[in-house]
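Me: Could you walk me through this model, starting with the overall build and then going on to the empty spaces and the odd backbone spots?

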Amino acid sequence: MPTPKELVHAAMAQKHPGAIPVMCQMANGHTILNTHVHPIDYFLSDDVWADCLLKMRALYDFDGILVHKPGRVQGIMDRVTRTDRDAPIPTLYLNDGSRIECTRDDDSYYKKPPGFAYPTLQTIDFDHPLAWAPASFVAFQASKGTFDFCTPEEIPDHVFGTLDRVIAKAGKDYSVHGEVRAPFDHFLNLLGMEDGLMAMLDNPDATRQLLEKTTQWSVALAVAQVRRGAHAIKVSSPFAGSGFLSPDMYAEIIVPLERRIADAVKAEGGFIYTHTCGAIGDRLNLMVQAGVSGIECLDPPPLGNVDLSEAVEQLNGKLFIKGNVDPVNTLLRGNAGKVNHDVSEILETAGHTMPGFILSSACSVAPPAPPDNLKLMVDLCRHFKP
């Protein structure tokens, strides 16, 4: 009997495992609500976060765990002047006037200090693109997986505190995945969303120069996680769908950068898949050209525009698919009948003919999604015969 890790491995290698593996990414709020931890502890502690990820895997009997950031930030409490754990939104107040709001049912959010301003492509230091930022911003971005390290060897061990703990406790039997931000995601995060998108049009040469640096960041962190035992790497590329970039821009900007991450991870013996939310039906073949092992999300209508049967026909034999249960209309709002119908249809569409298929929510499981809906999804998968 194969282990859960072996099932996921076979699917990622497109070897048609004897059973369909299942694993989902949890929104942070979903994990906090269902493990009953304090959100400040969840934000600060490698031990707490690792324990939460292990508990969520056990709760749903998933075959794998996504550690969607490698660890918590060392020394961030040295910058905290006041902690309000009992507020409706528990908050860390930092010494520059910024604060980090650790919500009880969502992500943590950085609230900027007075006078905060993003750089422009004319003012940013291309060698050290975070040099402009207050220390509080740098620390918060580290919690999101943004580090100014360009080689795996530069990255300190403490960065991987959560990943190391999860691999040590579950990596033998379960597929543990790491994550990196895509170069374009880093780019927008450095300049701000609106200004970053405008900068691409106004200054393409400087855009490419900054993307070169952020690609080095993504490659370094991806390779480092594989070397520490991550079975696969997810590239978080949420802003590369058709709502943001045309297919021509995707081909010109995204494909060559994400191909560099894919090539580096594969050279280390790991699998790699791209996570792009929303409408990607017009760029599936472009995503294949990036050289990744698989694609995650493939949001169905109305969240996206992917028809799974068409995607299977288009992608079969080229890469694995991880998806595509609607996290909103099926897992969040759906009843047992809706879950049964939608999940069964997905399994019938992809489970028989797609040698590389992992059942998953299309995007993250929403914070208030009923656990019984996920348990039913997993049960249906366990009883499905490919």
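Reply: What follows covers the chain as a whole, then its pocket and cavities, then some backbone details. This is a predicted model, in which local features need pLDDT of at least 70 and side-chain atom pairs count only at pLDDT 80 or more, while totals for chains, interfaces and linings use all residues. Residues are numbered from 1 along each chain as its sequence is written, and side-chain values use heavy atoms, with hydrogens and water left out.

Me: How many helices and strands are there in the chain?
Reply: The chain has 14 helices and 11 strands, taken as DSSP runs numbered from the N terminus (H or I of at least four residues for helices, E of at least two for strands).

Me: And what is the radius of gyration of the chain?
Reply: It is 20 Å, which agrees with the value near 21 Å that a compact globule of 386 residues would have; the radius is taken over C-alpha atoms, and the globule rule is 2.2 Å times the number of residues to the power 0.38. Along its principal axes the C-alpha trace spans about 60 × 50 × 40 Å.

Me: What share of the residues is buried?
Reply: Buried residues make up 57% of the 386, where buried means under 20% relative accessible area, exposed over 50% and partly exposed in between, with a 1.4 Å probe and protein chains only.

Me: Switching to empty space, how much lies in the largest pocket?
Reply: The largest pocket holds about 1100 Å³. Of the 44 residues that line it, the closest to its centre are Lys69, Asp107, Tyr109, Lys144 and Arg181. On a 1 Å grid over the protein atoms alone, a pocket is an open set of points with protein on both sides within 12 Å along at least five of seven lines, a cavity is a set where a 1.4 Å probe fits but cannot get out, and lining residues have an atom within 4 Å of a point. Grid points are joined across faces, edges and corners, and a volume is the space filled by probe spheres set on the points.

Me: Which element gives the largest share of that pocket's lining?
Reply: That is α5, with 4 residues; the elements that each supply at least two include α5 (135–143), β6 (175–181) and α7 (183–191).

Me: What about cavities, how many are there of 30 Å³ or more?
Reply: The count is 2. The largest cavity has about 90 Å³, and its lining includes Cys24, Met56, Phe62 and His68. The elements giving two or more residues to that lining are α4 (46–60) and β1 (64–66).

Me: And the second largest cavity, which residues line it?
Reply: Among them are Phe147, Phe149, Arg181 and Trp217, around a space of about 50 Å³. The largest share of this lining, 4 residues, comes from α9.

Me: Last topic: which residues does a cis peptide bond join?
Reply: One such bond joins Pro301 and Pro302, with omega about 5°, and Pro302 lies in the loop between β9 (294–297) and α12 (308–315). Another joins Gly323 and Asn324, with omega about -20°, and Asn324 lies in strand β10 (residues 320–325).

Me: Is Leu298 buried or exposed?
Reply: Leu298 is buried, with a relative accessible area of 0%, and has a positive phi of about 50° although it is not a glycine. Gln14 also has a positive phi, about 60°, but is partly exposed at 24% relative accessible area.
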